[in-house]
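Got your viewer open and a selection box ready? Here is a short walk through the model, one stop at a time.

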Amino acid sequence: MSQTRASLHRRLWSTYRSVPLIYRIAVAFVLGSALGAVAGERASVLSPLGDLFLRLLEMLIIPIIVFTLLGGIRKLTPSRLGKVGGLTVGLYIATTTVAAVIGLAVANLFDPGTAVEFTGGEAREAEPPTVTEVMLGIVPENPLGAMVEGDILATIFFVIVFGLALTSVREATNDESVEGAVGGFFAFIDAGTQALFKIIWGVLEYGVVGVFALMAASIGAEGLGAIVQLGALVGVIAVGIVIHMTVTYLGVMTIGILGQSPLDFLNGAKDAMLMAFTTRSSTATLPVTITNAEENLRIDESVYGFGLPLGATINMDGAAIRQAVTAVFAANMVGISLGLGEQVLVLFTVILISIGTAGVPGAGLIMLTVILNALGLPLEIVGFVAGVDPILGRIATTNNVTGDLAVSSVVGKWTGAIDLADGAWADAPVDGGPEETVTTD
């Protein structure tokens, strides 16, 4: 009898594992949301299981950044790193600017907030960072301290400088022992990266339980009332994000530049998009984003190893749309009409603070206090919109992660570091797209 039960358990486990992970996580998301809606606050007992999943993801953030950045830089000469870095940062700034403009456009078109009663709330005041503060904050006083504290930008800066120095030494030295030591160090990085990917997939297997618990506890605590009450805000932000993803990522970048089917891109990025929607964190999603870039979108490590960790920190297109719409929403709530000057201020403030804002849950509320403070609007509005922050954070983070992969794909195309004949790109390109594909070894 025990052997029969064991055999049944093995068959059930085998059947469970045969279902693609993305579908198992999607089912967990739906079932967890349903349980939270039915059980309400009682679903909070599942919070530790969800918190464990987030901690496991957070555990991987700094190691993933260090190993993938160094692994990517290993394949780059200093001149090539400058090209990849310049293209990546330039595209991130460009797409964030477009996103903020789209956010202001849809906000002015739909005018959310005019029929909403302001009930007040508490908020923290935050001072807008100056350009000097942002630039100095990138350079760590203590690199190891920056890694311990989870300072992503400072960590990225040091790893890039250190990796670039190693490649320079490798190219310039005539000492075989030094050259061998540099090669051995990069071999260790390669082995460490492979080990991290093993850990990632183990964490994602647990993610089925973690996502179920996260959604049950989140929906149980927040309820559906805030979403209904602030439906106009959520709806306008969603419209802006859909426009940005459809026009900018799928239209201009996927069809126009890559010459590929948008469905192929979405198929290659779907795991990261779902994880972003679940965790509300670009940095927590980074292990999955990197896996999708390498295995599905076939982007070379020299591009994604640099672009994705950087994008998880500074590429906040979804947040730009969210903050632009919410600024107009807040002004409408208190009966103030934002003029052209104030909206230009919103545009530049969003672009500036997106560079220094962490890609973690709740960061959007801190960004909002900065914008409201700059516009002279009541900071208490942050407390009012906090009820829908879980939903807004999810759709904004999904946009951010999609943008990270779109930018890395385009940079890969422009630098010959993507295989458009393999992975998710295996289908034929759309009409008018390029017939030839550049491949990398």
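Is Arg298 buried, partly exposed or exposed? Select Arg298 and show its surface: Arg298 is partly exposed, with a relative accessible area of 29%. One thing to keep in mind as you click around is that this is a predicted model.

**Stop 1: around Arg298**

Stay with Arg298, which sits in the loop between H12 and H13. Check its backbone: phi is positive, about 55°, although Arg298 is not a glycine. Now add Asp422 to the selection. The two form a salt bridge, with the closest N and O atoms 3.3 Å apart. This pair links distant parts of the chain, since Asp422 belongs to the segment after helix H18 (389-414) and the partners are 124 residues apart. Asp422 is partly exposed too, because its relative accessible area is 34%, between the 20% and 50% limits for that class.

**Stop 2: the other salt bridge**

How many salt bridges does the structure hold? There are two, so pick Arg24 and Glu205 next to see the pair whose side chains meet at 2.8 Å, N to O. Here, too, distant parts of the chain are linked: Arg24 is in helix H2 (residues 21-39) and Glu205 in helix H8, 181 residues apart. Side chains of opposite charge can pair when their charged atoms come close. Try a surface view on both partners. Arg24 counts as buried, at 8% relative accessibility, while Glu205 is partly exposed at 23%.

**Stop 3: along H3**

Now colour helix H3, residues 47-74. With 28 residues at 1.5 Å each, H3 should span 40 Å, and its end C-alpha atoms are 41 Å apart, so the two agree. Look along the helix for Pro63, where H3 bends by about 30°.

**Stop 4: aromatic rings**

Show the aromatic side chains next; the structure holds six aromatic pairs. One of them is Phe67 with Phe188: the ring centres are 6.0 Å apart and the planes are at 55°, so the pair is tilted. Phe67 lies in H3 and Phe188 in helix H8 (residues 176-222), so this contact ties together parts that are 121 residues apart in sequence. Is Phe67 buried or exposed? Phe67 counts as buried, because its relative accessibility is 17% and the cut-off for buried is under 20%. Then select Phe158, Phe162, Phe185 and Phe186, which form one aromatic cluster.

**Stop 5: a nonpolar patch**

Switch to a surface view and select Leu109, Phe110, Val239, Ile243, Val247 and Val252. Together they make a nonpolar surface patch of about 530 Å². Which helices each supply at least two residues of the patch? Colour helix H4 (78-110) and helix H10 (231-258) to find them. The largest share, four residues, comes from H10. Click on Ile243, which lies in H10; Ile243 is partly exposed, with a relative accessible area of 34%.

**Last stop: Asp111**

Finish at Asp111, in the loop between H4 and helix H5 (131-138). Its phi is positive, about 55°, although Asp111 is not a glycine. Put a surface on Asp111 and you'll see a partly exposed residue, with a relative accessible area of 35%.

How values were computed: Residues numbered from 1 in each chain as written. Predicted model: local features only at pLDDT ≥ 70, side-chain atom pairs only at ≥ 80, totals over all residues. Heavy atoms only, no water. Patch = residues over 30% accessible without salt bridge, like charges linked within 9 Å, V, L, I, M, F, W, Y side chains within 5 Å. Areas by Shrake-Rupley, 256 points an atom, 1.4 Å probe, with all protein chains shown as cover. Salt bridge = Lys/Arg side-chain N within 4 Å of Asp/Glu carboxyl O. Buried < 20%, exposed > 50% of the residue type's maximum accessible area, 1.4 Å probe, protein only. Expected span 1.5 Å × (residues − 1). Bend = angle between axes of the 7 residues up to and from the residue. Phe/Tyr/Trp six-rings, centres within 6.5 Å; stacked < 30°, edge-to-face > 60°.
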